[in-house]
Amino acid sequence: MIMIDRVETSSDRIRNSHSQNGVIQPLLTDMYQINMAYAYWKSGRHGDSAVFDLFFRKNPFHGEFTIFAGLEECLKFLENFKYSESDIQYLKETMPETVEPEFFEFLSNVTTKDVKMHAIDEGKVVFPRVPLLVLEGPLIVIQLLETTLLTLVNYASLVATNAARYRMAAGRKIKLLEFGLRRAQGPDGGLTASKYSYVGGFDGTSNVLAGKLYNIPVKGTHAHSYVSSYSSLDELHIEFQTLRHKETGALMNLKEVSLAWRGLLADKLHILQSEASDGELAAFISFAIAFPSGFVALIDTYDVLKSGILNFSAVALGLHDLGYRALGVRIDSGDLAYLSCVARSIFATIAKGFDVEWFEHLSIVASNDINEETIISLNEQGHKIDCFGIGTHLVTCQRQPALGCVFKLVEINGEAKIKLSQDVEKVTCPGKKSAYRLYGADGHALIDLMHRTSESAPKCGSRVLCRHPFQESKRAYVSPAKVESLFKLYWKDGKIQQDLPNLEEIRDRVTESLQTLRQDHKRNLNPTPYKVGVTDDLYNFLHDLWLQNAPIGELF
């Protein structure tokens, strides 16, 4: 393969695995955040200290778990948070003329050095209501961070969760490739999807830039257009028909060898040569000459069973005569379960009939608008597919296009705050909290428990009362065999406080974390809800504050 060197440009530095995406900057926010910041400033609330929780209310995809992702991007955002001169100038031109000039001077000096952020480890399985991020510090500053943090966590966690669900549906032995760049919501959405699909358990991507920036394995074959660009074998000029033997270096004509094999195979497999496309064979030969050690052919341009499988097998055996091994085929349409089974059977017949044992184990890749339900259905049909290429449904998260993370004030100047709603699910859990995951003796997680920071942490073997935050009768005692503190201090004094894992380590954490859940929590159909509770003290505190803030009606 020809590699072309080029000069690195500023676009190359927009994002990589260790630096911030250049799009992520203070002005990537909603205007009302800056309006509130000015109103706070105008009211003299520079010194007010606040605590905000970032959390979600419901697991996506009708499931009962979520994968937390995007933490590193959040930390890089905090690390690089600074309004530029052009940012300040833009805001001066955009905001009302009544905004005092001193406010813009204040903004130009805003940093995150006085902010503290606790977070759950990236790649952990997480659940509704338990904060993913807890930010503590100046009210104005944290308000300015809200929208950007939400956009960094929402989509990343959604895609990682979607990818993890595909991985569970496919099983550990099947390869999963992300093919979604062309269907993603813009370039940055495509890069983010590639990154966090890998985190969620995919094995590679078709996205070349994602491969470069994040060190993700990049995979790709060819399109139908490559096959249909050839009409006949005559288009293979004599100088482009030859390939040197891998071991001896002898120059051989792959076209002649492949044609000879096609005749033998047609008789063996009872396929009419006259129905096989010569243009397709020409395309396969030319592609095999270009990639003799990585030959994978798309075999459904015309007809998988009458043309594609025959032409591929002929070229693959031709390559074998020259010392190379083809890798497999891709099927992008039709009855994938049936076609994969027939293809595997044909490969086995060829392996036995021509004494090429490895041929039976050629890889079969399937694409064609695959989703989670498709994989489950194919499993039930006994498919013989080794790898799925998945695009649209993965990167656009069609079953649920948003996670719905929220960012809520829970404390101001040491006073707990609660947000009320007629929809009980939208009532917030007030005050600064700690969170623990309690495990049973079998190693499975039992419940995530939130409590006030003034309370003692739960202890192994000690019984603790766990309550549903809103339903009084739902309560249970738990005597945990293991207690895990979920929050770690990730940001303080303007610096990252923890060593950040690479993508491979986060992938491993996703796998390990999911293994701590019982299977009934992870199943596709009607999964058992995982329990999230509060201590008795936090339950009473929450409801007392609720009553204090809820208006008392009057009947007439």
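This is a short tour of a predicted model, with selections to make in the viewer.

Start by colouring the protein chain by pLDDT. The chain averages a pLDDT of 95, and 96% of the residues score at least 70. Now select residues 1–17, where the pLDDT is below 50. Beyond near neighbours in sequence, this stretch has 24 contacts in the model. Where pLDDT is low, the predicted coordinates should not be read in detail.

Next, select strand 1, residues 49–55. Is this strand enclosed or open? Six of its seven residues are buried, so the rest of the structure largely encloses strand 1.

Add strand 5, residues 133–138, to the selection. Strands 1 and 5 run antiparallel and are joined by six bridges. To see one pairing, pick Ala50: its bridge partner in strand 5 is Gly137.

Then add strand 14, residues 406–412. Strand 14 also pairs with strand 1 in the antiparallel sense, over six bridges. Here, pick Asp53, whose bridge partner in strand 14 is Lys408.

Now move to helix 5, residues 139–170. How far apart are its end C-alpha atoms? They are 46 Å apart; at 1.5 Å a residue, the 32 residues should span 46 Å, so the two values agree. Look along the helix to Glu146, where helix 5 bends by about 40°. Turn on the surface of the surrounding chain: helix 5 is mostly covered, with 30 of its 32 residues buried.

Finish at Gly171, just after helix 5. Gly171 takes a positive phi of about 90°.

Methods:
Residues numbered from 1 in each chain as written. Predicted model: local features only at pLDDT ≥ 70, side-chain atom pairs only at ≥ 80, totals over all residues. Heavy atoms only, no water. Buried < 20%, exposed > 50% of the residue type's maximum accessible area, 1.4 Å probe, protein only. Helix = DSSP H or I, 4+ residues; strand = E, 2+ residues; numbered from the N terminus. Pairing = 2+ DSSP bridges. Expected span 1.5 Å × (residues − 1). Bend = angle between axes of the 7 residues up to and from the residue. pLDDT = per-residue confidence, 0-100. Contact = heavy atoms within 4.5 Å.
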